[in-house]
Each structure stands twice: as C-alpha cells, then as structure tokens.
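Please work through the exercises below with the sequence and the coordinates open beside you. Each task is followed by a solution that goes step by step.

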Amino acid sequence: MAYIAPIHRPSSIREAISIRLWPDEDVLVTAKVNRIEISRVSTDGITLVSSANVCGTIAFLQRLRPKTSDTDLLFVGTDRFHYFTARWDPDARRLQAEQVIEDLAEPHMREPESQSKCLVDPTGRFMAMHLWEGVMNVMRLGNRKNTNLRIERDWAQVRLSELFVKSSIFVPTETKHPTIAFLYQTAIDKEDASLSVYRLMTDDRNTDVSRFDPRRDRELDLEIPDPFARILIPVTVVEPTVKRYHHRDTTGAKAQLGGFIVVGETLLVYIDILTKSRVTHTLAEPKIFVAWAELDVTHYFLADDYGGLHLLTLEVDDVVVTSMSVKYIGKTSRASCLVYMGNDMLFLGSHHGDSQLFLFDLTSEVIRLVQTVPNIAPILDFAIMDLGNAGDNQVGNAFSSGQARIVAGCGVHHNGSLRSVRSSVALEDIGILGDLPRVRGLFSLKSYGSAQVDTLVVSFVTETRVFRFDQDGGVEEVFDFQGLILDQPTLVAASLPSGQMLQITPDTVSLFDSESGISVSTWTVPEGSSVVRASANDRWVLLSVDGTRLVSLDISDDLTAREQVLGGDVRGGESGQISCVHVAHDLPDVGVVGFWSEGSVTIVNLRTLEALQGHTIKQNDDTVSVPRNVALVQLHPPDVSGPTLFVAMEDGQVVSLNVSKDDYSLSGRKSVTLGNREAGLHVLPRPGAPGQRNVFATTEHSSLIYSAEGRIIYSAATAENVRYIAPFDSEGFPDSVLVATDEHIRIAQVDTERRTQVNPLHIGATVRRVAYSPGLKVFGIGTIKKELVGDEEMVSSVFQLVDEIVLGHVGKPFALNTSPSVEMVEAVIRAELPDSTGHKAERFIVGTSYLADPDVRDAGHVLGRILVLGIDSDKNPYQIVSHELKGACRCLATMDDLIVAGLSKTVVVYDYIEETTTKGKLQKLATFRPSTFPVDLDVSGTMIGVADLMQSVSVIEYVRPQNGEKAKLVERSRHFEYAWATAVCHLGGNSWLEADAQGNLLILERNPDALTEHDRKQMRVTSEMRLGEQVNKIRPLHITPGENDIIVPKAFLATVEGSLYVVADINPAYRSLLLPFQEQLAKAVRFLGQGQGGASHDPAAAFNSWRGFRNAKRAADAPFRFVDGELIERFLDLNEVRQEEVVEGLGPSVEAMRNMVEELRRMH
C-alpha cells in the first residue's frame, strides 16, 4: 500500500484572469493544476490573499458580471466536466461556491484538438463553451433579481460546421447583440485559416439560439491569407464624434473601432464588425504569437514563442482605424497567458519558465520587471544528491531536513535552466564576526541614546565580550560597556523600555543606568549558591538557583524577590529539580517551569510563584524524556488563537500545547522529533506581523517553528551547527539575526517561513537530461537549444558539465553533430565502468537521435548513437566510444558493467570494452523486442523494467551465457492492460511503480512463485490513483527503514507541471488505520466547487472520483490502496470537534492522530 505527498507543489501557470471579487479592486486569479490562487497586484509585487483546492484539473477560468452587481463571479471548469461559479465571502475571506454544474452523461463525442475553452460576451450574461469537436454549449446568467447569480439550467447545444477551431471570441457590437467569431482550419491535414462570424441569438430579445447554419446564419465568411493565423483579439466599440449610419453598400466604408484583429505569423488583419471593412499590416519579421492582453482600446500586448513581448497599436483618426504597428518592447519568459491588471501592471503567466510581473510605461514603451514568480515546470529530468548525510536516523526525513537536494532540468528553450531544489528556511549570510568558538549565549542591546539595537553581548564559559556596530555596519570590540560585568559569563542581557539595562550572571542580577553605567539595583545569590537557569522580560526575572529554588524578581520594584523552594506549591515534588525556566513575553505576569523528576511543566504566577496549570510531558518512566527548554509565545495571530507552549525534551522531541488566555489551561498536545538531542528554543520576532513570534530550534538540524494558515509549521533551516541565535534589527543590518556556531558568529537574514529554496543556473536551452557523478562532484546535462538566426530556426544539442557546489559550468561542452542532420540528446546516465587497465572509472553514457531529414532516403542511414564519454583532469568530456544505431536511443541504464539501451523498437544489452583511454567499443549480448516502443528503463539486479509507449510495463530478465548458450533477455511478466507509460521505477521486492500520460500512478507486482505460468506472467495492480499530472521521471530512493517509521520513502517523481512528489510504502502496522482515516477525511474535508447536499455533491465522492484511476479505457470510482498525503494533512486544518468526528471509531485518540499527521507532514 502506497502513500504520496508533495514536496514541491505545481508552479506552472497556464490560466490567469483579472477579476473584481470585492468592490473597488481587481485581483489576479491563477490556476495551478487543481489549485486556485487569489493575489493582490501592486507596484511592490504580488501578494497572495487566498487559495483553494478543486477536485479536478482546472481547464479554464472566466469572470461573470451579474446584472446590477458591482462584483464578479468566478466561473471554473475542470477536466472532469465539472463546472461551478464562486463568489468572495468577505466574512470568511475565501471563495464560496455559488452554483455547481456537473455533466453526468457518458462521453460520446470527440474532444477538441485544442484545449477546452469558455467565452463570455462583453455584457457578462452569455457564455459559450467549446468542450467537444464541432459542438458548442450556450449558457446564460439569470436576468431576474433572485436568479442573477445563477446560470440558467436550460443549456443550448448547437452543432458547428467549423470542426477544427483555432480561436474564437465574442465580438463587441454597436447593437449589443452577442456575436461570435471563429478562426478555424478547414481540414485537419491542411494548414489554412478561415474566418466565420455568427450572431449567437436570432431574435432581438436574445432568447432563441442560432442554429449556426453556414449558409443562412453566417454574417461573415473570409479566408485569411496567412494560413498560420491563430489568434483573434476583440476590439471595443468607441462612439465616434460624428455618429455614423450603416448602409447596405459598404464599398469605400472606413474601418472604425468595434470589431476584431486576426493575428497571424506574417499578417495582421483588422475587421470592422459593422461594415466588414478591413485594414491589413504585414509584419517585418515572421512571429509565432502565443498570447495577448488588452492595454486599452488601441493598444494590445502580444507575446511570441521566443519570449519576445510586443506592443500592437491601432493607429486611429478619431475612431477610424488607419493602420497598425507592432513594436518589440522587451524579453520575457515564454508566455502561456497575459493579464493586464490596470495601473500599468502586466502579469505574464508561464508554463515554460518563470512567471513575471511587469510595470509598463506607455509613453516610452518600455517594461520594467517588478517581480519574478519562480516556476520549475516542466521538469524533464532530475537527479538526487546529499541523501545519507543526516545519519541513519534522519534519512527518512531527508528532504524535509534539507539533506536531500534535487537538481532538476527545468523550463523549455530560452527559459531552460538547471535548478537545485531544497525545502527549508533560508539563512542568507551577510557577514562573519571573526572566529569566536565555544559561545554560550548571544544578546542584542541598545547603547545609550540609540533607537535601534547596535550592541552585541557574547557570553563565554568564563567571560563576556561586547561588540559595537556603527550605522554603516562597521564593528569594534569594547572592553567597558555601561557598567556590564565582563569577567563572568552572562545568562541574560537585555535593554529595558525604561532605558535601563538588565544583566544576569551566575552570582547577581543587576540593573544599570544606560547613561552613567552605574548599577541602580542588584540582587545577589546567597553565598554558596548560583543561578543555573534564567529568563526575563520587560517586567520580570525568573531564576532557578541551584536547580532547587525558584526566584522571581520584579524589575519595576527594584528587583523585589519572591522565592519558592521545591516542595511548595510549584508541583515539582520534594525530590524534583528545576530543569528549565521561561518568562512569557506575550502574557502578563506568567512564567513556565520545567522539572526533571516528574518530566512536567508548570505555568506559574510570577507575583506569587503559585502554580496556575501543570502538565506532565513524560508519558512513561523513561528518564531520558525530560523537559530541557521551554518557550511560551504568541505563535498564531492573536485574534485567531492564544499562545503556544513549546517544550524541548532531552531525547530531541518538541512538544507543543495550546494555552488558554483565560485560565491558562493546556490542550491540543502535539509532538515532533527535531533531532537526537534537546533543542534550544530561541524566540524571534516575526517581521510584518505585530504580536506574533517565531521560534528557532537549534539541534543538529536547525528548524524554524512558525504559524501558517492556523497551523504550526516545523521547517528545516539551511544553517548548520547553530548553537545560539538572537534578533539583531540594527540600522546597518535591518531585520537580521546573529547566529553562533561552534567556530564563529555570523550575521544573517532568516526567512519568516519555509520555502522551497530554488537555486537556478540559467542554461538558455532545454535541459533534456541530468545525471549526477558523486565521484567527480559534477552533473552531466544534455541540452537542446532552439534559436532564430535571421528568419531560420536553428536547433543544436550539447553535453556539458556543471559543478555541484557553485552550480556553474565547468569544462568545455561536447557538441553533437549538426550535419547532415541535427543530432539531439535523448538520454544521459553516469556509470562506473572498467577502463583499459581494468579499474573502475567514471563515465557518462549519452544516447542520441537524429532529426528526420526528408532528403535522406537511405534505409541504412544512422539514426542515433550511443556515446561513452570520459572526463579529463580539467573536467572536459572526451569521446571514448561512438556506437552508431539504425534507430534512436531513447533511454539507458546500467547492469553491473553492462549497458542496457532502449532503442526505437528494441531493448539491447551491451558489453563495454575499453581498449585504450580514448578508444573502445560496445558488443551486443542480448536483445528483446517490446510491444511498441521503450520510453523508460529501470534495472534491479538482473531484472529490467521496460515502460512501453502504449502497452504499459514489462519485466524482463537478463540471463547470462551458460552451457555454451548465448546471453538472452527473457520476459518474466507483463501488465496486460492498455496504458501510455511515461516512466517506470523499481520499488523493491517484486513491486514496480508506473506513471502514464493520463496522469495516473500504478504499483504493479509480479508473483514469481505463482503456481501457473499465466499467473507468473501477469503483473497485478496493488495500488493505483490519479495524480492529475503527467510524470516525466521517477528516481528510486534506497532508505533503511526504522522500526517505528509510519512510512518508508521509496521514490521521488517529477511532473510536467513543476511538481515533485515522494512516494512511500506504508508500514503494515499503519495500513489498516490510514485507509479508513482517508475515507473519513474525504467526508469531512470540503473542496471548492462542492455542493451543499445531494448524492452527487458528497465530499467523499468528489475526492474519490478525482483521485480514482482514469484513462480512455476505464474509470475507477476511488483510489485503490493509495493514500493522498495532501488530504491527510488537512486533518490539521479542522477544528477539534471535527477532528473528533473523523477519528471516531478508528481507535487512536485525536492527539495521537494529530501527532501522526504532523510526523507525516514533516517528511516533505
């Protein structure tokens, strides 16, 4: 049974619109597979406001403006023929489904060649949807007061003679009658462009839908001279200064604003919809335009296939269109959609590269990049590195702990890049404050007269040192600072609002006047005793003296002391000792005390030291699990939740408890393991969120604990070996922190929350394949570059090396052939093969193909090669073997010292023989012919998994030569169902993971011990689900599981939409729990677009249908033995009442289930 969870969610943006969800502001709505995001756009950038998940891949977005409304409805359609309208709920601050429409009929028509499309007429009342070839559905919004927010139930379905529609639009008209234009291709095998225009309704009251008869109903029938025209742009009607009158004879009539533009590769045609008059413009250079957006009625943005952004201008005299012009205004990512947001802001959504936000100046006709929205789609290939560095106990959480780095080939053509992906909170170093080892504490202070902190106090084992910073960031050490005691270690130092300074040492607690440096108040520890733990805020000091006495000091009353000996009312017991203390910054007069023997924590009143609430953290007699550090902070927004108590245990666990503001009661216990030793809990302010704080936990793998969407997030940090951390918001280093490691102190800036850290190396070409060599510490990449030279498109391909540390080019690229035809990289792997001396040597193996050349008719012509490349001391690749093929080499793998190649119609095993350092050969040992075409290979021992283009997966075995017989490849088992496979991976044992082109995942298992030959040959499906994204590559993980691990990661997979997922095997002890848990959650969790009742709107049915396997042959009702980690995580979003309802009957408590989900979530 399998578990899947995202480690990087989809980043590709194919659909985006501007919409007015609330009055007086237009917002940006983007679609990322099944996720809708709503963002504000300003000159400062894009700010996410809300997001929602949908049960289906989003096919299109549209805006509808109901009659008499000042806000819009969002109309969403999915690939499951599920449609709904949504409006903004200002109270809940999220989208709320208004109307749900489902097509429950069996599909019986052919889907269109282009993607499904929805059109809305300029009045916002009528919609036309192209869902099937040659068919259009017509819908309308209600016209009456009580129905104006709903689409009428009676749809009209009309047949179109225009089967192959390239583009369609509603055309603005002076009559306000909805009019629709189609740009279409007359035959599928003939590239041409024809135009037709119809009225949507036949009567003036707009009640009867046109029959779209090409002989009777067409208002315009025109053949476009440019056969590659693909875009229609509507142009709004503008009232002329002198009103024009329409005559039947339009000969000589001038084209006015109010019509549409046909955009081709070489020609632009403007057509006046009333008079049918035309204005044409021939482009100076051919361009393939792919997206457009309206700036105003006479200016339009056009984006081309090579990332060029252009401004199309209609030259007008009053309202008469006299000519057109197109001007290049800048280089961008290759656009999938353009959205003009007003205020000169243009958003470019991209599937092929980063999305971008631009500021446009119409006067100078230039653009300025405001923000880049990272996008790693499409991921064509990736390699995994750094696994295992965390030690045996941490490998299972390798990606979440920042130890697994995924390096992926992302983007297409000029957007192509190599990106290092790592999930963590980034600490960006600004500077290093010398070598200062064995630090025991960091504290930031304000010097006298300073408005911001400018002084660093560093505590060591026997002394304290002070460093002053100037406004420019300069630093110097001072040896006398405002009276501070420097010949002892400092436990706490702080600047108080009163202007005084507080210092706590093992012997004294002192208040100093900042101006004179004179001690104004002192509390001294009794002779023979010492302070072992201390904490303070602006009002109170809380001390542990000798670990047996608790002392609170009132700062506002000259350090008046209140003392409590253990055995009193502090619930520590007679034999207990204090293990840690903390003074809350967010609750008045409240502190927290942790105890050794009881393994408990107690919230105390600092005025009286009376216990307010207590909680036993230890759940057994394990003496290791005792509190070692505590922090009581306002993690969540104050208007959402009360403070949170964190308790760091000695065994590496961190326990969190919700604290009531009223009676300080503790509830909602959760625990996570952050390391092998106790974590230091350091409270940091949260920038931009007054009243909220973050907690930085220092262990062998540091983590930032913060609030996001009402949940506690534990995120790995990129910093290593951190011992202490302190905020340092100084004038020279604003919003910075000071970080102490075992060797030095660094000044850094820390992210406020976890992000997928993506470090890009721009390649400027498609990174087709990636292979990692740990021995050489380089990546070998195969790239394909497409560029325009003059008017000719040139394609070239090279193999090159990239350094793993700096992610930069090393050595010289190895260029593939360009003559007589272009050779392209198809596969790249790294292997250790025997060299000419018999020793193992690092080699890169490259499989290639040649582009089909119509001028080459010789059947014996070389159509591909297998290259074996060595790497010299300067890291330059050189050729050892060039093995010519009569077909393309699509995929490669190694089996010990043998090379396995997937050719056009054959799987071949080669023996590698290296004769000299620069010469070798491949000797064919065995072959196997799959059903159609091998697209991917994975090898385990002598078993080879072959992903077939059309016939799913076969497992073949390499039988070595014996008894005088030659080596051979024998098919051992096969999945006999139809599937367009894209990737295959061995998961261990007899299990194989397959991905297909329809976005499904299957786990197949062979049974070599079956009784019959038929059963041994047949692979059965043990798990299956619909991911909703096409998987390009799967890489296996080899991890030793722990006894108590809930899941064991088995593979990473990457998709076309820029997602990265981890697939894991579920521990048998948890299988009977997780599946019912998922079923219960599917009923409780609601997705956007679900109805409020009825069987067809059952939440479980919606989720199950979305995740159920589906291809052209069959559709399952639900996922089979596959657990969706994204759904499981949403358990934490439910309130406690709903959580109790979900876990009812499952066995474990709510707290146990919360802890389990937190542990699962930490894996990614």
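**Exercise 1. A pair of phenylalanines**

Task: Establish whether Phe1077 is buried or exposed, then describe its aromatic partner and place both residues along the chain.

Solution: The model is a predicted one, and the values used here are computed from it. Start with accessibility: Phe1077 has a relative accessible area of 0%, and because buried means under 20%, Phe1077 counts as buried. Phe1131 likewise has a relative accessible area of 0% and is buried. Next take the geometry, since a pair of aromatic rings is described by the distance of the centres and the angle of the planes. Phe1077 and Phe1131 form an aromatic pair with 5.2 Å from centre to centre and 75° between the planes; an angle over 60 degrees counts as edge-to-face, so this pair takes that name. Finally, locate the two residues: Phe1077 belongs to helix H2 (residues 1068–1084), while Phe1131 sits in the loop between helix H4 (1125–1129) and helix H5 (1136–1143), so that the pair links distant parts of the chain, 54 residues apart.

**Exercise 2. Other aromatic contacts**

Task: State how many aromatic pairs the structure holds, classify the pair of Tyr198 and Phe212, and find the charged side chains that lie over the faces of Tyr306 and Phe1087.

Solution: The structure holds 17 aromatic pairs. One of them joins Tyr198 and Phe212, with 4.9 Å between the centres and 50° between the planes, and this pair is tilted. Tyr198 is in strand E16 (residues 194–199), whereas Phe212 is in the loop between E16 and strand E17 (218–223), and the two residues are 14 residues apart. Tyr198 is buried with a relative accessible area of 0%, and Phe212 is buried too, with a value of 2%. Elsewhere, ring pairs join Phe60, Phe75, Tyr83 and Trp155 into a cluster. For the charged side chains, Lys786 lies over the face of Tyr306, at 5.0 Å from the ring centre, and Arg1130 lies over the face of Phe1087, also at 5.0 Å from the ring centre.

**Exercise 3. The buried face of a helix**

Task: Identify which residues of H5 are buried, decide how they are arranged around the helix, and say what covers them.

Solution: In H5, the buried residues are Gln1139, Val1142 and Val1143. Seen down the axis of H5, these buried residues fall within an arc of 85°, so they line one face of the helix. The elements that cover the buried residues of H5 include H2 and helix H6 (1150–1161). After H5 comes Gly1145, whose phi is positive, near 90°.

**Exercise 4. Two open sheets**

Task: Give the strand order of the open sheet that contains E42 and of the open sheet that contains E26, and explain what is particular about the edge strands.

Solution: Strands of a sheet pair through backbone hydrogen bonds, either parallel or antiparallel. One open sheet has four strands in the order E42-E43-E44-E45, with antiparallel pairing. At its edges stand strand E42 (531–536) and strand E45 (560–565), each with a single partner strand, so one side of each lacks a neighbour in the sheet. The twist in this sheet averages 20° from one strand to the next. Strand E44 (residues 549–554) is joined to E45 by six bridges and runs antiparallel to it, with Arg549 standing opposite Val565 in E45.

Another open sheet has four strands in the order E26-E27-E28-E29, and its pairing is antiparallel. Its edges are strand E26 (337–342) and strand E29 (366–373); each has a single partner strand, so one side of each is left without a neighbour in the sheet. On average, neighbouring strands of this sheet are turned by 25° against each other, direction ignored. Strand E28 (residues 355–361) pairs with E29 in the antiparallel sense over seven bridges, and the bridge partner of Phe360 in E29 is Ile367.

**Exercise 5. An enclosed strand**

Task: Determine how many residues of strand E6 are buried, and describe how E6 pairs with E7.

Solution: Strand E6 (residues 58–64) has seven residues, six of which are buried, so E6 is largely enclosed by the rest of the structure. E6 is joined by six bridges to strand E7 (residues 73–78), and the two run antiparallel. Within this pairing, the bridge partner of Ile58 in E7 is Thr78.

Methods. Residues are numbered from 1 along each chain as its sequence is written. This is a predicted model: local features need pLDDT of at least 70, side-chain atom pairs count only at pLDDT 80 or more; totals for chains, interfaces and linings use all residues. Side-chain values use heavy atoms; hydrogens and water are left out. Rings of Phe, Tyr and Trp (its six-membered ring) pair if their centres lie within 6.5 Å; planes under 30 degrees apart count as stacked, over 60 as edge-to-face and the rest as tilted. Buried means under 20% relative accessible area, exposed over 50%, partly exposed in between (1.4 Å probe, protein chains only). A charge sits over a ring if NZ of Lys or CZ of Arg is within 6 Å of the ring centre and within 35 degrees of the ring normal. Two strands pair if DSSP finds at least two bridges between them. Axes are lines fitted to C-alpha atoms, for helices over the stretch in contact, and angles run from 0 to 180 degrees between N-to-C directions. The arc is that of the directions from the helix axis to the C-beta atoms. Contact means heavy atoms within 4.5 Å.
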